[in-house]
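Here's a quick tour to read with the model open beside you. We'll start at the ligand, move out to the fold, and finish with a pair of backbone oddities.

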Amino acid sequence: MQTSAPSQSAAPSDLPSRLLVKVCGMREAASLTAVADLEPDFLGFIFAPASPRYVGDVLTPDLLQGLPDRVQRVGVFVDAPTAQVQATACRFGLNFVQLHGHETPAQCAELRATGLRVIKAFGVGEGFDFDALGPYVLHCDYFLFDAQGPAPGGNGRVFDWRVLENYPWPVPYLLAGGLRPEHAAVVRNLQLPGLVGIDLNSGLEIAPGVKDPARVAAFLDGLGRPGAAA
Ligand SMILES: O=C(O)c1ccccc1N[C@@H]1O[C@H](COP(=O)(O)O)[C@@H](O)[C@H]1O
């Protein structure tokens with residue numbers, strides 16, 4: 001177990017026995033296949049047009065439908081209308097939506113009512129107000145904590161993870177923000193309440209949206225995940 005859950009967190013039996021790994025910002029077929037072979041728990045696809053990792057026309061539903069079922073497909077959206085998120089999720093067979101903008105608790109609830117699972121992302125800075133998360137607690141499957149930066153996500157910035165020592169809610173969360181292979185050893189030993197997984201993105205790229213499978217493998221190796229080979 002990678003976490004020490006406080007009394008208000010999910011019961012230990014609800015938490016995975018190892019850190020979940022999401023690799024985000026996948027676009028083209030070659031690196032998608034190579035990274036999927038490394039058996040991440042989630043693969044993320046950016047549906048925010050302003051992102052350099054925007055899937056655009058490069059990603060086809062066929063490409064996603066070819067992924068193994070054990071890999072959860074996550075669509076990342078920034079302030080997109082519910083109907084658009086839902087239609088995209090349906091078209092690409094997404095399991096999760098990651099909401100990386102100013103989406104409300106009501107929108108999280110609406111999307112969850114359609115059967116999608118919801119990850120709500122928050123940018124963490126100094127003096128982060130955990131109370132602001134309260135209205136989201138009943139409507140999200142996971143939270144995701146990322147660094148604040150000029151863009152809504154994908155900034156490649158690491159925040160001070162010690163802020164999360166005071167995490168007070170029962171919703172499990174993923175840690176994101178500028179994670180690179182050299183962080184793996186530290187991440188592996190993090191003891192933060194509620195932490196169940198990590199999200200890897202720009203720190204593992206050859207170019208925006210093109211992941212380097214060797215760097216992904218190196219991170220998984222550093223986490224001590226067996227079977228992760230380049
Ligand atoms: O990656 C992007 O371009 C992006 C754009 C808009 C919203 C979210 C985005 N990515 C998410 O950002 C975090 C942190 O990424 P990084 O490691 O700092 O590059 C991660 O959760 C991505 O899913």
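## Around the ligand

In this predicted model, 27 residues surround the ligand, and S51, G153, G154, N201 and S202 come nearest. Two elements, β2 (42–46) and β6 (142–147), each give two or more residues to that shell. By type, the shell around the ligand splits into 13 polar, 10 nonpolar and four charged residues.

## The barrel

Now zoom out to the fold. Eight strands form a closed barrel in the order β1-β2-β3-β4-β5-β6-β7-β8, and their pairing is parallel. From one strand to the next, the twist averages 30°. Strands in a sheet pair through hydrogen bonds of the backbone, in either a parallel or an antiparallel way.

For one pair up close, look at β3 (residues 72–77) and β4 (residues 96–99): they run parallel and are joined by four bridges. Here G75 sits opposite V97 in β4. Helix α4 (residues 105–113) lies across β4 and β5 (117–124), and runs at about 155° to β5.

## Two unusual phi angles

Most residues other than glycine have a negative phi. Which way do E39 and D79 go? Both have a positive phi though neither is a glycine.

| Residue | Phi | Loop |
|---|---|---|
| E39 | about 65° | between α1 (29–36) and β2 |
| D79 | about 50° | between β3 and α3 (82–92) |

Are these two buried or exposed? E39 counts as partly exposed because it has 15 C-beta neighbours inside 10 Å. D79 has 12 other C-beta atoms within 10 Å, so it is exposed.

Notes
Residues numbered from 1 in each chain as written. Predicted model: local features only at pLDDT ≥ 70, side-chain atom pairs only at ≥ 80, totals over all residues. Pairing = 2+ DSSP bridges. Axes fitted to C-alpha atoms, helices over the stretch in contact; angles between N-to-C directions. Contact = placed C-beta atoms within 7 Å. Near = placed C-beta within 6 Å. Nonpolar A, V, L, I, M, F, W, Y, C, P; charged D, E, K, R; others polar. Buried ≥ 20, exposed ≤ 12 C-beta atoms within 10 Å, placed from the backbone.
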